[in-house]
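Student: I have a structure open on my screen and would like to walk through it with you. Could we take it one helix at a time?
Tutor: Happy to, let's look at it together.

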Amino acid sequence: MNSLNIEATRRTPAPSVEMARQLLSHLIAGQLTAGQRLPGERQLAEDLGVGRSTIREMLKSLALLGLVDVRQGDGTYLSATTSDVLPQVVEWSLLLADRSLRSLTEARQHLEIILAGLAAEHRSADDLLALSAVFERMERAANADDHASYAVADADFHLGIANASGNEVLAGVLGSIRSLLRTWTERVTASGVTLPESLELHRPIFDAIGDGDSAAATRAMFVHMEQAIAHLTETLDGAAR
């Protein structure tokens, strides 16, 4: 995108961005409370003067951020865990634009693949100990079918890889979306993927980093992210129907 297109985008935000900002203003102002049901798609579309398809895209983005819970056949509710995500709303405003889901998933995929390869090259003995401890937490949570603990441990595993990469800039980018990583995992495992299945997608990544095999770590992370993106997209599309 050239500079003229960038400036044009800044002057004319996508409709979904403006709608999301209006909705988030209500959240921040306390006009909606945790667990409260949002107006239906038809009402939101009329209030904001846009089509229902645009409303659906906005709700997908907000669901991905963990701000709302889209319950198929029941409606959309303000998430009870918004306190973790609201401080990051400004940083993530661009993710609320059109095609944001695709942009976000592609960005995370490429970032994680790079970080996995770097971690295999640069990890220290302390990094491996830390990753091993986190992986053990994932195993315990998977064996106990503890989805909440698994989601936290999963996010910590990916952040541990980032820290082991030796690249503070890239690690910082991933670290800034800790809440989003956890929400992503929660939604993937809610799509029918069992915790043991999810765990086994992480094991080759862990093993390759331990072996110092950058190429294997990159391949393993690619496979993991491809499957995670497919399950995430399927879950959000199903909830929006």
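Student: What length does helix α6 reach from its first C-alpha to its last?
Tutor: This is a predicted model, and in it α6 covers residues 125–143, which is 19 residues. At 1.5 Å a residue the expected span is 27 Å. The helix comes close to that, reaching 27 Å.

Student: Over how wide an arc around the axis do the buried residues of α6 spread?
Tutor: The buried residues of α6 are L131, V134, F135, M138, A141 and A142. They sit on the same side of α6, because the arc they cover around the axis is only 115 degrees.

Student: And which exposed residues are on the face of α6 turned away from its buried side?
Tutor: Exposed here takes over 50% relative accessible area. On the face of α6 turned away from the buried side, the residues that are exposed are A125, D126, L129, R140 and N143.

Student: Which helices do the buried residues of α6 pack against?
Tutor: One partner spans residues 147–164 and the other spans 195–211. Those two helices, against which the buried residues of α6 pack, are α7 and α10.

Student: Are α6 and α10 roughly parallel or roughly antiparallel to each other?
Tutor: Their axes are 10 Å apart, and the packing angle is about 165 degrees. An angle over 145 degrees counts as roughly antiparallel. Therefore α6 and α10 are, to each other, roughly antiparallel.

Student: Which residues of α10 meet α6, and what is the hand of the crossing?
Tutor: From α6 come L128, L131, S132, F135, M138, E139, A141 and A142. They meet L195, P196, L199, H202, R203, F206, I209 and G210 in α10. As for the hand, the crossing of α6 and α10 is left-handed.

Student: Which residue with a positive phi follows α6?
Tutor: Most residues other than glycine have a negative phi. In the loop between α6 and α7 there is a residue other than glycine whose phi is positive, near 55 degrees. That residue is D145.

Student: Moving to α7, how is this helix oriented relative to α10?
Tutor: The axes of α7 and α10 come within 12 Å and cross at roughly 20 degrees. Angles under 35 degrees count as roughly parallel, so α7 is, relative to α10, roughly parallel.

Student: Which residues of α10 take part in the contact with α7?
Tutor: The crossing of α7 and α10 is left-handed. On the α7 side the contact is made by H147, Y150, D154, F157, H158 and I161. On the α10 side the residues are L195, S198, L199, H202, I205, F206 and I209.

Student: Which residues of α8 meet α7?
Tutor: Helix α8 covers residues 168–175, and α7 packs with α8 at an angle of about 165 degrees, with axes 8 Å apart. The two helices are therefore roughly antiparallel to each other, and their crossing is left-handed. H158, L159, A162 and N163 in α7 meet, in α8, residues A171, L174 and G175.

Student: Is A162 buried or exposed?
Tutor: A162 is found in helix α7. Leaving aside neighbours within four places in sequence, A162 is in contact with L115, A171 and L174. The relative accessibility of A162 is 1% and the cut-off is under 20%, so A162 counts as buried.

Student: What separates the C-alpha atoms of A162 and L115?
Tutor: Along the chain, A162 and L115 are 47 residues apart. In space, their C-alpha atoms are separated by 5.6 Å.

Student: How does T183 count, buried or exposed, and what is its C-alpha distance to A151?
Tutor: T183 is found in helix α9, residues 178–189. At 9% relative accessibility, T183 counts as buried. T183 and A151 are 32 residues apart in sequence, and their C-alpha to C-alpha distance is 7.6 Å.

Student: Finally, how many helices and strands are there in the protein?
Tutor: Along the sequence the pattern reads α-α-α-α-β-β-α-α-α-α-α-α-α. Buried residues make up 46% of the 241 residues. The count is 11 helices and 2 strands.

Methods:
Residues numbered from 1 in each chain as written. Predicted model: local features only at pLDDT ≥ 70, side-chain atom pairs only at ≥ 80, totals over all residues. Heavy atoms only, no water. Helix = DSSP H or I, 4+ residues; strand = E, 2+ residues; numbered from the N terminus. Expected span 1.5 Å × (residues − 1). Buried < 20%, exposed > 50% of the residue type's maximum accessible area, 1.4 Å probe, protein only. Arc of directions from axis to C-beta. Contact = heavy atoms within 4.5 Å. Axes fitted to C-alpha atoms, helices over the stretch in contact; angles between N-to-C directions. Parallel < 35°, antiparallel > 145°, perpendicular 65-115°, else oblique. Left-handed = near helix turned anticlockwise from the far one by under 90°.
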